[in-house]
Amino acid sequence: PDPSDFLRAANEVVVGEVEEGKFVTMAYLTIDAGTGELACASAGHPKARLICTDNRVLELGTTGLALGIADDQHYDEAHETLEPGSAVVLFTDGVIEASRDGELYGLERLDRLLAEHQDLGATELARAVVDGAKAFAGGELGDDSAVVVVKRTSS
């Protein structure tokens, strides 16, 4: 299904299942392996990043209410093309909320790291993101962190 339809349906299930005050964040992407067409929607999850071959980092500008908070939600989709050599990066808030002396790692540092390491493979780029956040925080992250990188290597 399209990302917006999937998240809308997932929310209808989750809203009746989770305890009051609890919620689930989720990002959902589809990528056409032949054309590189990408569609992305988010339910309270940090916005995915698209690293272009010219080292620009684009925010996939969608966000919606986390799953389980309220019914009848609509989730917008972002559409881009994953060109050969470009990558899409998804991550949890534990990465950007890594902190040192009250300062957050944040999206600006993440985007700079992604641009500087655009040439890495998917696994190495994911590791560089986690390592960069850990280094900023002084060695360990205070929250769980997950990073998923999908890199298009050919047309």
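**Figure 1. Salt bridges in the predicted model.** Seven salt bridges are counted in this predicted structure. The views that follow look at some of them one pair at a time, and some residues belong to a wider group: Lys47, Arg49, Glu59 and Asp111 are joined into one network by salt bridges that share partners.

**Figure 2. A salt bridge within helix 1, between Asp5 and Arg8.** Here the closest N and O atoms of Asp5 and Arg8 are 2.3 Å apart. Both residues sit in helix 1, and their spacing of three residues is about one turn of the helix. Asp5 has a relative accessible area of 34%, so it is partly exposed. Its partner Arg8, at 30% relative accessibility, also counts as partly exposed.

**Figure 3. Lys47 meets Glu59.** In this close-up, the closest N and O atoms of the salt bridge between Lys47 and Glu59 are 3.6 Å apart. Lys47 is found in the loop between strand 2 (37–43) and strand 3 (49–51), while Glu59 belongs to strand 4 (residues 57–59), so the pair ties together parts that are 12 residues apart in sequence. Lys47 counts as partly exposed because its relative accessibility is 26%. Glu59 is partly exposed as well, at 39% relative accessibility.

**Figure 4. Arg109 pairs with Glu103.** The closest N and O atoms of this salt bridge are 2.6 Å apart. With 24% relative accessibility, Arg109 counts as partly exposed. Glu103 is partly exposed too, with a relative accessible area of 38%.

**Figure 5. Inside the largest nonpolar core.** It is a good place to linger if you like packing: in soluble globular proteins, nonpolar side chains tend to be buried together. The largest nonpolar core of this model has 21 residues, and Val89, Leu114 and Val147 have the most contacts inside it. Two or more residues come from each of strand 6 (87–91), helix 2 (93–96), helix 3 (106–116), helix 4 and strand 9 (147–151). Helix 4 is the biggest giver, with seven residues in this core.

**Figure 6. Helix 4, from end to end.** Helix 4 spans residues 122–137, has 16 residues, and reaches 23 Å from its first C-alpha to its last, close to the 22 Å expected at 1.5 Å a residue. The buried residues of the helix are Leu125, Ala126, Ala128, Val129, Val130, Gly132, Ala133 and Phe136. Just after helix 4 comes Gly138, which takes a positive phi of about 90°.

**Figure 7. Two cysteines, no disulfide.** A disulfide is a covalent bond between the sulfur atoms of two cysteines. This structure holds zero disulfides. For Cys40, the nearest cysteine sulfur is that of Cys52, 14 Å away. Looking from the other side, Cys52 is likewise in no disulfide, and its nearest cysteine sulfur is that of Cys40. Cys40 counts as buried because its relative accessibility is 2%. Cys52, at 11% relative accessibility, counts as buried too.

**Figure 8. A nonpolar patch on the surface.** Phe23, Leu65 and Ile69 make a nonpolar surface patch of about 290 Å². Where does Phe23 lie? Its place is the loop between helix 1 (3–14) and strand 1 (26–31). Is Phe23 buried or exposed? Phe23 counts as exposed because its relative accessibility is 52%.

Conventions: Residues numbered from 1 in each chain as written. Predicted model: local features only at pLDDT ≥ 70, side-chain atom pairs only at ≥ 80, totals over all residues. Heavy atoms only, no water. Patch = residues over 30% accessible without salt bridge, like charges linked within 9 Å, V, L, I, M, F, W, Y side chains within 5 Å. Areas by Shrake-Rupley, 256 points an atom, 1.4 Å probe, with all protein chains shown as cover. Salt bridge = Lys/Arg side-chain N within 4 Å of Asp/Glu carboxyl O. Helix = DSSP H or I, 4+ residues; strand = E, 2+ residues; numbered from the N terminus. Buried < 20%, exposed > 50% of the residue type's maximum accessible area, 1.4 Å probe, protein only. Expected span 1.5 Å × (residues − 1). Disulfide = S-S within 2.5 Å. Core = buried A, V, L, I, M, F, W, Y, C linked by side-chain atoms within 4.5 Å.
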